[in-house]
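Visitor: I am new to this structure and would like a close look at a single part of it. Could you take me through one chain and then through the place where its partner meets it?

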Amino acid sequence: MQWVPDNVPRILEALGEHLLLVAVSVASAFVISMFIGVWSARRPRAFAVVIAVTGVLFAVPSLALFALLIPMLGIGVVPAIVGLTAYSLMILVRNIAAGFQAIAPEILDAADGMGYGKWRRLREIEFPLALPYIIAGVRIAVVSLIGIATVAAYINAGGLGAIIFEGIDQRFPEKIFAGGLLTSALALTADYSLTRLERAARPGGMRAP
Amino acid sequence: MILTQAFEWIFANWETFLGALEQHLLMCAVSLGIAIAISVPLGVTIARSPLASFLAINFAGALRTIPSLAILAIALPILGIGLVPSVVALIVLAVPPILLNTCIGVREIDPGVVDASVGMGMTRMQRVSRIELPLALPAIIAGIKTASIQVIGGAALASFIGGGGLGDFVTAGIALMDMSRLLVGAVPIALLAILAEILLSLLQRALSMPDNSSSRDAR
């Protein structure tokens, strides 16, 4: 174990790149999926189509998706973020739509009867009730993306995957272990902290998916 | 047009393409088969022990956070280059989701049903084959679906450790910046994964009974 202690700044830089890739992608996907999620939740036909399409698209392997983006976007950080955003969209849209769909119609009727406007109802009633589902979606998206983002290093997007690829090219097991275990630790930390947040957001007795 | 060039390349190099496709499918099928043979019996066995299933569920959960790329990469220094290291790595990828879902599927069976089977004088083997496996089947299929998607995606990365398959066209395409070659690899890989997802979803739907809520996607 000599490479890791000697290269702490390099590892931290890769970690920072990795986190940035994941954060930017999940944040962009979040904004888009809030619109699609709210829109499709009250339209059963649209909801069914959204669930089917996102399920199928999520199955596309990351190497294939990044490769398919190269003819249009080239290589580097931009196509990596586009690809990663697409993956988190698949997860977030499903969870957000399911969260808004799970709200009992009586609650919405009561809000309408009390004279809530559409926008106020969304902000004060629907959003808080759907919140545990939304956070669950963000958690699954973040954890999945931390793993998938390692492949993005192959199209020159940097991150912890770059260390793993260096390890493969140079036959240097320590780099492979360092990159792999750090990615795994990152995913476990994200999973743990977002699970706690999810529990805090859940009203008593309610169970998220 | 890149797509027509990709088709031309496939027809001009039919043997090479077919060889890579065959290698890819072989890798997926062998590793999935072995993973099923390991995980289903193991999952059924440990499901009745709270401690063993707690340990297995958490171990499998932690194993799933290691990225596919790292699992394949780690196989390289340990097992060397080629097809066998790739298959071993893909088995490691496929075991957790199947084990997890088998274990959870068996645990979620109504204890009354199991009690009734004991009361009817069924032996342990009869109970497993006639009660536990059929009732846990939708959950097991859901696990196999998740594992198949993981394995098909992982097999694309096997190219990095000399495992061959369709990933070779993608890596060659990126190295040469040859867009049509890139598509020769990427499009079949994507179609293969989509096909697996659709077929296994249909199978899962056909198997789950209307009031059976135990099918759970571990993804």
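Guide: **A close look at chain B**

Chain B has nine helices and zero strands, where helices (H or I, at least four residues) and strands (E, at least two) are DSSP runs numbered from the N terminus. This is a predicted model, in which local features need pLDDT of at least 70 and side-chain atom pairs count only at pLDDT 80 or more, while totals for chains, interfaces and linings use all residues. Residues are numbered from 1 along each chain as its sequence is written, chains are lettered from A and ligands numbered from 1 in the order in which they are written, and side-chain values use heavy atoms, with hydrogens and water left out.

The C-alpha atoms of chain B fill a box of roughly 65 × 40 × 25 Å along the principal axes. Of the 219 residues in chain B, 52% are buried, that is, under 20% relative accessible area with a 1.4 Å probe, counting protein chains only.

Turning to the partner, 34 residues of chain B are in contact with 30 residues of chain A, contact meaning heavy atoms within 4.5 Å. The two chains bury about 2,900 Å² between them, 87% of it on carbon and sulfur atoms; buried area is the accessible area (1.4 Å probe) that two parts lose on being put together, summed over both. On the chain B side, B:Thr65, B:Leu69 and B:Phe160 lose the most area to chain A, together 19% of what that side buries. Between chain B and chain A there are zero salt bridges, a salt bridge being a side-chain nitrogen of Lys or Arg within 4 Å of a carboxyl oxygen of Asp or Glu.

Terms used: Buried < 20%, exposed > 50% of the residue type's maximum accessible area, 1.4 Å probe, protein only.
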